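Work through the exercises below with the model open beside the text. Each one gives a task, then a solution in steps.

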Amino acid sequence: VTSPCAAAAATGTPLARRDDVLSILPGTLPTDELAARLAGTDAAVVLKLGRTLPSVRDAIARAGATDRSLLVERASGERERWSRLDEVDRDVPYMSLVLVAGRPTTRTRPGPGRLTVVGLGPAGPDWLTPEARAALADADVLVGYATYLARIAPRRGQRRLETGNGAELDRARDALDLAAGGDRVAVVSSGDPGIFAMAAAVFEVAEEGGHDTIDVVVLAGLSAMQAVAGRVGAPLGHDFCVISLSDRLKPAAIIERRLEAAGAGDLVVALYNPASRTRRAVLARAREILLGHRPPDTPVVVARAVGSPDEQVSLTTLGTVDLDRIDMRTLVIVGSSQTRLVRRTGRPPQVYTPRHYPAGR
């Protein structure tokens, strides 16, 4: 990792965007020459500071770039620190550099911007796809639930619009309005945005009218059920269905009817939004319904906060699963009649559902 890349990562500042020209310059150049080179480039990194800082500062001022310059010391080291160049009034070590960010872009054509709905994956940067990462870096504005926005490193010049949980439609309206005004907007969502998440909310609001000129793109993310399945083996190896147990947007009777159908069809069932502190009855009813269609020793995966430091994953059975341990950060996978628990010597057990299905069942 080069020092310019480490400094850019530390400050959340892109080295260059789109058609920007990036120059890497030594701070030992004569002041006049350094100023001329800075004035002739879009973005720059100035290396070899220390005693050259006064000259570098003067050159950057002559190029009119002081307000977009950051000083980074010992990038990626234990004593790493950074600040605005115009706030530095002290000596700096030789192992320092100045990032001169690209000039703010202005639109050459009026008209609507673009709205991208981005899936962040279950938790943490390791679950973010390269496609999603690029969309987040390109956006003028990030819109989302505050908890999810906190997972994204800040970038200079990028605005954020934070909303509370449960305000999905308002969030979608705000995002569409910003895009209509010409901004590149990224609506962030945990997991996959197309599974019980923000993509549907955006299209629901867009269908109301007034936003038909906006280009809406959905970037798939890694879903919670995929992450959980990978932790324990391959429980989704054959036909399965996904049901949300939240009755906030649909009647509990509909949930029960779908659980009955999944049980009768002998499908593996992934249960999203299984229970909150006040909503426990639907989860208990779900187990009761599925026990009517499959034996008590059916494997069940209970996974909480997968991908985070609080991750807890356990294998149990439909007859013995402890419902009190399940909350809104938990995803539950209930196996079919064919799902198998594989015990291994000296290793945790794994669970999978065979790809074939016996005739006559």
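**Exercise 1.** State which residues line the second largest cavity, and which elements they come from.

Solution. In this predicted model, the second largest cavity is lined by Thr13, Pro14, Leu15, Leu22, Ala43, Ala44, Val45, Leu99, Val100 and Ala101. Next, look for elements that supply two or more of these residues: they are strand 2 (43-47) and strand 5 (96-100). Of the elements, strand 2 gives the most, three residues. Then sort the lining by residue type: nine residues are nonpolar, one is polar and none is charged. Finally, the volume of this second largest cavity is about 50 Å³.

**Exercise 2.** Find how many cavities of 30 Å³ or more there are, and describe the largest cavity.

Solution. The count of cavities of 30 Å³ or more is three. The largest cavity has a volume of about 80 Å³. Its lining consists of Leu271, Leu283, Ala286, Arg287, Leu290, Val300, Leu318, Val321, Leu323, Ile326, Val332 and Val334. Helix 10 (281-291) and strand 16 (330-334) each contribute at least two residues to this lining. Helix 10 has the largest share, with four residues. By type, the lining of the largest cavity holds 11 nonpolar residues, one charged residue and no polar ones.

**Exercise 3.** Decide whether Ala186 is buried or exposed, and list its contacts.

Solution. First place the residue: Ala186 belongs to strand 9, which covers residues 184-189. The relative accessible area of Ala186 is 1%, so this residue is buried, the cut-off being under 20%. Now leave out residues up to four places away in sequence; Ala186 then touches Thr116, Val118, Leu136, Ala139, Val141, Leu142 and Val143. As a last step, take the distance to Arg231, which is 45 residues from Ala186 along the chain: their C-alpha atoms are separated by 29 Å.

**Exercise 4.** Give the number of disulfides, then classify Cys5 and Cys241 as buried, partly exposed or exposed.

Solution. A disulfide is a covalent bond that joins the sulfur atoms of two cysteines. To count one here, two cysteine sulfur atoms must lie within 2.5 Å. The count is zero disulfides. For the classification, compare each relative accessible area with the limits: under 20% is buried and over 50% is exposed, with partly exposed in between. Cys5 has a value of 40%, so Cys5 is partly exposed. Cys241 has a value of 17%, and therefore counts as buried.

How values were computed. Residues numbered from 1 in each chain as written. Predicted model: local features only at pLDDT ≥ 70, side-chain atom pairs only at ≥ 80, totals over all residues. Heavy atoms only, no water. Buried < 20%, exposed > 50% of the residue type's maximum accessible area, 1.4 Å probe, protein only. Contact = heavy atoms within 4.5 Å. 1 Å grid on protein atoms, 1.4 Å probe; cavity = no way out; pocket = protein on both sides within 12 Å on 5 of 7 lines; lining within 4 Å. Points joined across faces, edges and corners; volume = space filled by probe spheres on them. Nonpolar A, V, L, I, M, F, W, Y, C, P; charged D, E, K, R; others polar.
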